[in-house]
Amino acid sequence: MKFNAMTAVAALMLAVPGVASADPDDDNLVINGETEMITKAEVPAHMEDVAMDEIMSGWHFRSDETQALEMDDFDNPGMIFVDAGMDQWNAVEGSEGKSCATCHEGPESMTGVRAVYPKWDEEAGEVQTLAMQINDCRENNMGAEPYKYTGGQMANMEALISVQSRGMPVNVAIDGPAKETWEKGKELYYTRTGQLELSCANCHEDNYGNMIRADHLSQGQINGFPTYRLKNAKLNTVHARFKGCVRDTRAETYKPGSDAFVALELYVASRGNGLSVEGPSVRN
């Protein structure tokens, strides 16, 4: 059977039984009764040509029950993995006999880090994601084996680091030497792929707020990653989610950690500039 653009549009329309019932809400996200999240913000300047009134966290597209899980760390299942990340932080590994704690005073020394990644690394001469930086430290400073890019240990460490910046606005730089990578990511975001001929923008820009199967389409913001998904009952990383989205277009996906996904992460992260770091968030 041949799929084309009209097939993709028809399939998407069939998946949208009612737009109004899927509209994002106006609730406020306050974690532990004290940390207020910025979940709606002005569209970043570099997105002024996009037909969107504001940017919104995926939290607004979830049910009240799912939203409530993120509002209290005792209820948030993602916090279990933060604790596991703390154990990893203190674990001595590798040929150098070091742990993360050997070089850093504590996880709190990572405050502000999650908010600015991915970022250009002058020494490496490339844009690096948080996962890349974690593995760089493990290999070059600890003499330890790298974590699997989308594996559980990587997700745990990302969650521990993300929590230190929770509530801080995302502020990913896209100028200077990072611009070329950002442009590549933008191109990927708007390129239709797969048998369904869908791009990221078709769902998360053109149809956010609509229904796809039994779920709401959000704007695809990644300020809440790593994310605990009720669907698979584990913590999920950004590139694992990218891989799943590309797969759903019936396309051959890129490899996590690849240049393509690094570029896409930089671009998508920049679309959320101004929203609070939420990770670990809770989603369907």
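Here is a chat between a student and a tutor about the predicted model shown above.

Student: Before we start, what should I know about the numbering and the cut-offs?

Tutor: Residues are numbered from 1 along each chain as its sequence is written, and side-chain values use heavy atoms, with hydrogens and water left out. Since you're looking at a predicted model, local features need pLDDT of at least 70 and side-chain atom pairs count only at pLDDT 80 or more, while totals for chains, interfaces and linings use all residues.

Student: How many helices and strands does the protein have?

Tutor: Helices here are DSSP runs of H or I with at least four residues, strands are runs of E with at least two, and both are numbered from the N terminus. On that basis, the secondary structure comes to ten helices and eleven strands.

Student: And what radius of gyration goes with that?

Tutor: The C-alpha atoms fill a box of roughly 60 × 40 × 35 Å along the principal axes. The globule rule is 2.2 Å times the number of residues to the power 0.38, and the radius is taken over C-alpha atoms. For 284 residues that rule gives 19 Å, and the protein comes close to it, so it is as compact as a globular protein of that length, with a radius of gyration of 19 Å.

Student: What share of the residues is buried?

Tutor: Buried means under 20% relative accessible area, exposed means over 50%, and partly exposed sits in between, using a 1.4 Å probe and protein chains only. By that yardstick, the buried share of the 284 residues is 50%.

Student: Which residues does UniProt list for "binding site", and where do they sit?

Tutor: The UniProt record is an unreviewed entry, and such annotations may be inferred rather than shown by experiment; positions follow the numbering used here and feature names are shortened. The listed residues span 38 residues in sequence, yet no two of their C-alpha atoms are more than 11.4 Å apart, so they gather at one spot. One of them, C137, is in helix α5 (residues 130–142), and H104 is in the loop between α4 (100–103) and β5 (119–121). The full list from the record is C100, C103, H104 and C137.

Student: Is H104 buried or exposed, and what is it in contact with?

Tutor: H104 has a relative accessible area of 29%, so it counts as partly exposed. Contact means heavy atoms within 4.5 Å. Leaving aside neighbours within four places in sequence, the partners of H104 are W89, S109 and M110.

Student: W89 is in the contact of α3 with α6, so how are those two helices oriented?

Tutor: Axes are lines fitted to C-alpha atoms, for helices over the stretch in contact, and angles run from 0 to 180 degrees between N-to-C directions. Helix α3 (residues 79–90) and helix α6 (residues 152–163) pack at about 100°, with axes 7 Å apart. Angles under 35 degrees count as roughly parallel, over 145 as roughly antiparallel, 65 to 115 as roughly perpendicular and the rest as oblique. That's why α3 and α6 are roughly perpendicular.

Student: How do the residues of that contact divide by type?

Tutor: Ala, Val, Leu, Ile, Met, Phe, Trp, Tyr, Cys and Pro count as nonpolar, Asp, Glu, Lys and Arg as charged, and the others, Gly among them, as polar. Among the residues making the contact are F81 and M86 of α3 and M157 and L160 of α6. The tally is ten nonpolar, four polar and no charged.

Student: What about α9 and α10, which residues of α9 meet α10?

Tutor: The axes of α9 and α10 come within 11 Å and cross at roughly 100°, which makes α9 roughly perpendicular to α10. On the α10 side the contact uses F261, V262, L264, E265 and V268. On the α9 side it's V238, H239, F242, K243 and V246.

Student: Which peptide bonds are cis?

Tutor: One joins Y117 and P118, with omega about 0°, and P118 is in the loop between α4 and β5. Another has omega near 0° and leads into P280, in the loop between α10 and β11. That second bond runs from G279 to P280.

Student: Next door to P280, how accessible is S281?

Tutor: S281 is found in strand β11 (residues 281–283), and its contacts include E70, G224 and Y228. S281 counts as buried, because its relative accessibility is 0%.
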